[in-house]
Amino acid sequence: MPPRVPRTTDPADVDRALFAAALDELVGPALVLDSQLRVRAASRGAEEVLGFDVPLGSSAATLLCGDRPKRPFAEALAGGVPFQAVIPRPGAVASGEGGGEQVRVRSVPLGGGADTIGWVVHVAAVSGDDAEPERFHGLWSRDPRMKQVFRLVEKIAPEDFTVLVRGETGSGKELVAHAVHALSSRKDGPFRALNCAALPPNLLESELFGHARGAFTGAVKDTPGHVQLADKGTLFLDEVAELPLELQAKLLRVIETRTVVPVGGRDALPVDVRFVSATHRALRAEVAAGRFRADLMYRLRVIPVRLPPLRERPADVALIAGKIIEELNARGRRKITQVSVAAEAAMERYEWLGNVRELRNALSYAFAIGDGPVLQLDDLPPEIAAPGPVGAEVTVVAAPPETDAEAELGPEARRIRDALARTAGNRDRAAKLLGWSRVTLWRRMRALGMDEG
Ligand SMILES: Nc1ncnc2c1ncn2[C@@H]1O[C@H](COP(=O)(O)OP(=O)(O)O)[C@@H](O)[C@H]1O
Ligand SMILES: [Mg+2]
């Protein structure tokens, strides 16, 4: 959003424009409140979401909740606890537009505990229809972009188009691949999955294309590869960007000729396979860097499908957490019937670099270490429960066993450390690798106490 350009050179106007633009850049649409809950800064994005220009100095409670009798958000702010809620859009209410437009608000105290000096209130637009949860082949979502993916998959699954799913680890790529298979005429045929990042090149080649007896030491009989095993079905190539260039050439030949020649074999065997691939990388960038063949990219991404990361669909965190909790309730000794406000807020503001897989792990952890029917903030793994500078309720959780030095670092800290190691400590490049802005990397490192040196 372009910053509002002040018409005067009055320092107060200049400051206001500066901080409004900075807020959008740093945290997205947000308000900053002082300890008296008066608005001290409003980002332009926030004004857009709320639907009016926010007068500085006005009361946030009146602004967001008007004088409606039930004002849980205003009460939570006054009570000093982090909170999130969906409220009617104030701008629409004021102008009598109605229309069921809603705004999601989430407050984070600044300072800590009794010393709260103010608040950041994140705001985001929610539209009525988007709120309906949907289950699609094991994928739960109430996010409009996810629902678009579901509709796209329904449309393209019945034909034999090749599909390339792009998304971060744990975002549901494999479930999408299963859905494509289940909705196709091949559904009664085999579904095979192969992770191209998990094997060294020579093993990968033989896993993929098979090998003939005598092809190498230990090849005692003809062995079909995944391509043949997926005949009349679907082959899911996970992390396809990691496929070495020689094997890319060989895969391209399989797709073009619909035949496969096993390692050490002579004959081209006919195969009838639909390919679905997945990667967390931008294939175009891999092509530009000379690591991926352009011709293969065009073959694989006839239909590109992009899965948004969990942190970009905040409404899904509580929804999917609820489903996972139901599932774990049915299995374990602990039954959770409620998630505390603080725990939910912590889960919603966490970055979930491991997406739904990490959410599931965090909840399994909570089931294992906590007790009672309420999931409390300090049941969550420390990197989620105590995000650092904005934690009003920083919780110290018993350190994990010291036998494994790796285990002492949370997954996020480990990922940051790995990114820094891979970029020789270059923070710009490390941030890029993690898919973050430099500011986010800096914030997370400071929160995790990794910021010295
Ligand atoms: N939208 C979702 N709703 C429910 N569970 C999900 C969702 N997305 C992913 N999962 C679960 O998260 C885990 C990781 O999903 P997966 O498809 O393997 O991700 P990826 O292949 O992108 O790494 C699996 O346990 C999967 O069932
Ligand atoms: Mg996967």
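Let's start at a loop: Arg-258 sits in the stretch that links helix H10 (245-257) to strand E11 (259-260). Keep in mind as you look around that this is a predicted model. The chain has 20 helices and 16 strands, and 36% of its 453 residues count as buried. Among contacts with a separation of 6 or more, 61% are between residues 24 or more positions apart.

**Backbone spots worth a look**

- Most residues other than glycine have a negative phi.
- Arg-258, in the loop just mentioned, is not a glycine, yet has a positive phi of about 55°.
- Is Arg-258 buried or partly exposed? Arg-258 has 13 other C-beta atoms within 10 Å, so this residue counts as partly exposed.
- Asn-355 also has a positive phi, near 50°, and is a residue other than glycine.
- Asn-355 belongs to helix H15, and because 23 other C-beta atoms lie within 10 Å, Asn-355 is buried.
- Gly-449, which follows helix H20, has a positive phi near 70°.
- Helix H20 itself covers residues 438-447, and its buried residues are Leu-441, Arg-443, Arg-444 and Met-445.

**Around ligand 1**

- The shell around ligand 1 holds 16 residues, of which Trp-140, Gly-172, Lys-173, Glu-174 and Val-356 come nearest.
- Which elements give two or more residues to this shell? They are strand E7 (139-141), helix H7 (173-182) and helix H15 (355-369).
- By character, the shell residues split into 5 nonpolar, 7 polar and 4 charged.
- Ligand 1 lies between domain 2 (134-306) and domain 3 (310-391), because both give residues to the shell around the ligand.

**The five-stranded sheet and its helices**

- Here is an open sheet of 5 strands, paired antiparallel in the order E2-E1-E5-E4-E3.
- Strand E2 (39-42) and strand E3 (83-88) are the edge strands, each pairing on one side only.
- On average, and with direction ignored, neighbouring strands of the sheet are turned by 25° against each other.
- How many bridges join E3 to strand E4? There are 6, and E3 runs antiparallel to E4 (residues 102-110).
- For a pair to pick out on screen, try Phe-83, whose bridge partner in E4 is Ser-107.
- Helix H14 (residues 341-349) packs on the sheet, where it touches E3 and E4, and the direction of H14 makes about 85° with that of E3.
- Helix H1 (residues 11-27) lies across strand E1 (30-34), E2 and strand E5 (118-126), and runs at about 70° to E2.

**Val-287 and its surroundings**

- Val-287 is found in helix H11, which spans residues 283-288.
- Because Val-287 has 17 C-beta neighbours inside 10 Å, this residue counts as partly exposed.
- Which residues is Val-287 in contact with, leaving aside its neighbours within four places in sequence? The contacts of Val-287 are Phe-292, Ala-294 and Met-297.
- Val-287 can also be viewed alongside Ala-241: the two are 46 residues apart in sequence, and their C-alpha atoms are 9.5 Å apart in space.

Technical notes. Residues are numbered from 1 along each chain as its sequence is written. Chains are lettered from A and ligands numbered from 1 in the order in which they are written. This is a predicted model: local features need pLDDT of at least 70, side-chain atom pairs count only at pLDDT 80 or more; totals for chains, interfaces and linings use all residues. A residue is near a molecule or strand if its C-beta atom, placed from the backbone, lies within 6 Å of it. Helices (H or I, at least four residues) and strands (E, at least two) are DSSP runs, numbered from the N terminus. Ala, Val, Leu, Ile, Met, Phe, Trp, Tyr, Cys and Pro count as nonpolar, Asp, Glu, Lys and Arg as charged, and the others, Gly among them, as polar. Domain bounds come from an automatic or database domain assignment. A residue is buried if 20 or more other C-beta atoms lie within 10 Å of its own, exposed if 12 or fewer, and partly exposed in between; C-beta atoms are placed from the backbone. Two strands pair if DSSP finds at least two bridges between them. Axes are lines fitted to C-alpha atoms, for helices over the stretch in contact, and angles run from 0 to 180 degrees between N-to-C directions. Two residues are in contact if their C-beta atoms, placed from the backbone, lie within 7 Å.
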